[in-house]
Amino acid sequence: KQWYQRRVAITAGVGRHAQAKAFNTAGSLGAWPKKSATVFLDLLRNAESNAEVKGLEVDSLVVEYIQVNRAPLMRRRTYRAHGRINPFMCNPCHIEMILTETESVVSKEEDDAPKKKSKKKEARARLGAQ
């Protein structure tokens with residue numbers, strides 16, 4: 001099963017798919033983000049090779065922090081019919097990622113303590129017991 005991304009702002013060149021109905025998009029518009037996924041995977045591979053060069057354990061790396069910020073627009077021109085010119089904009093972004101080396105994955109401890117109940121549920125339980 002492939003992962004699906006909701007597309008709202010971009011409508012040109014995006015096909016209609018039945019899976020988009022689950023995300024309430026206009027006219028069942030949706031796309032699979034292949035280009036952005038490959039860029040992100042390349043970034044992860046680059047971080048992995050940087051960790052190898054620095055002498056870190058690659059198998060114990062965990063993504064601790066990731067942030068994507070908007071970068072300045074890149075303006076170019078596209079030439080149209082009848083001597084017109086339209087803007088040809090590119091929307092780049094800055095991706096910041098911090099990987100840390102962990103000792104091991106710690107499993108959550110089992111608690112035998114009772115779960116907290118709300119005051120309403122406690123009152124219902126008392127009324128039901130009477």
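**Entry 1: overall layout**

I began with the secondary structure of the chain, which comes to two helices and four strands, and I noted that, read from the N terminus on, the elements run α-β-β-β-β-α. The model is predicted, and I therefore turned to the confidence values before looking at any detail. The chain averages a pLDDT of 81, and 88% of the residues score at least 70. Over residues 1-11 the pLDDT is below 50, although this stretch has 20 contacts in the model beyond near neighbours in sequence. Among the elements, I found the highest mean pLDDT, 92, in strand 2, and the lowest, 86, in helix 2, which covers residues 119-129.

I then looked up two totals for the chain. Of its 130 residues, buried ones make up 12%. Among the contacts with a separation of 6 or more, 45% are accounted for by residues 24 or more positions apart.

**Entry 2: strands 2 and 3**

I asked myself in which sense strand 2 and strand 3 pair, and over how many bridges. Residues 74-79 form strand 2 and residues 85-90 form strand 3, and the two pair in the antiparallel sense over six bridges. I followed two positions across this pairing: Tyr-79 has Ile-85 of strand 3 as its bridge partner, and Arg-76 stands opposite Phe-88, also in strand 3. As for cover, strand 2 is hardly covered, since I count zero buried residues among its six.

**Entry 3: the hairpin and His-82**

Between the strands of this hairpin I found five residues, and it is here that His-82 takes a positive phi. The value is near 60°, and I noted it as a positive phi in a residue other than glycine. His-82 is found in the loop between strand 2 and strand 3. Is His-82 buried or exposed? Its relative accessibility is 80%, and because the cut-off for exposed is over 50%, His-82 counts as exposed.

**Entry 4: two loop residues after strand 3**

Moving along the chain, I stopped at Asn-91, which lies in the loop between strand 3 and strand 4. At 62% relative accessibility, Asn-91 counts as exposed. I also looked up its C-alpha distance to Ala-71, a residue 20 positions away along the chain, and found a separation of 7.2 Å.

The next residue I checked was Thr-102, in the loop between strand 4 and helix 2. With a relative accessible area of 30%, Thr-102 is partly exposed, because that class lies between the 20% limit for buried and the 50% limit for exposed. Which residues is Thr-102 in contact with, leaving aside its neighbours within four places in sequence? They are Ser-60 and Val-62. For Ser-60 I also have a distance: Thr-102 and Ser-60 are 42 residues apart in sequence, whereas their C-alpha atoms are 5.6 Å apart in space.

**Entry 5: Ser-28, before helix 1**

I went back towards the N terminus to look at Ser-28, found in the segment before helix 1. Ser-28 has a relative accessible area of 17%, and it is buried because the limit for that class is under 20%. Leaving aside its neighbours within four places in sequence, I find Ser-28 in contact with Gly-15, Arg-16, His-17, Ala-20 and Lys-21.

**Entry 6: the second largest pocket**

My last look was at the second largest pocket, in which about 180 Å³ of space lies. Which elements each supply at least two residues of its lining? They are helix 1, residues 34-54, and strand 4, residues 93-101. The largest share comes from helix 1, with five residues. I list the lining of this pocket as Leu-43, Ala-47, Asn-50, Ala-51, Lys-54, Leu-56, Leu-61, Met-97, Ile-98 and Leu-99. By class, I find eight nonpolar residues in the lining, with one polar and one charged residue beside them.

Conventions:
Residues numbered from 1 in each chain as written. Predicted model: local features only at pLDDT ≥ 70, side-chain atom pairs only at ≥ 80, totals over all residues. Heavy atoms only, no water. 1 Å grid on protein atoms, 1.4 Å probe; cavity = no way out; pocket = protein on both sides within 12 Å on 5 of 7 lines; lining within 4 Å. Points joined across faces, edges and corners; volume = space filled by probe spheres on them. Nonpolar A, V, L, I, M, F, W, Y, C, P; charged D, E, K, R; others polar. Buried < 20%, exposed > 50% of the residue type's maximum accessible area, 1.4 Å probe, protein only. Contact = heavy atoms within 4.5 Å. Pairing = 2+ DSSP bridges. pLDDT = per-residue confidence, 0-100.
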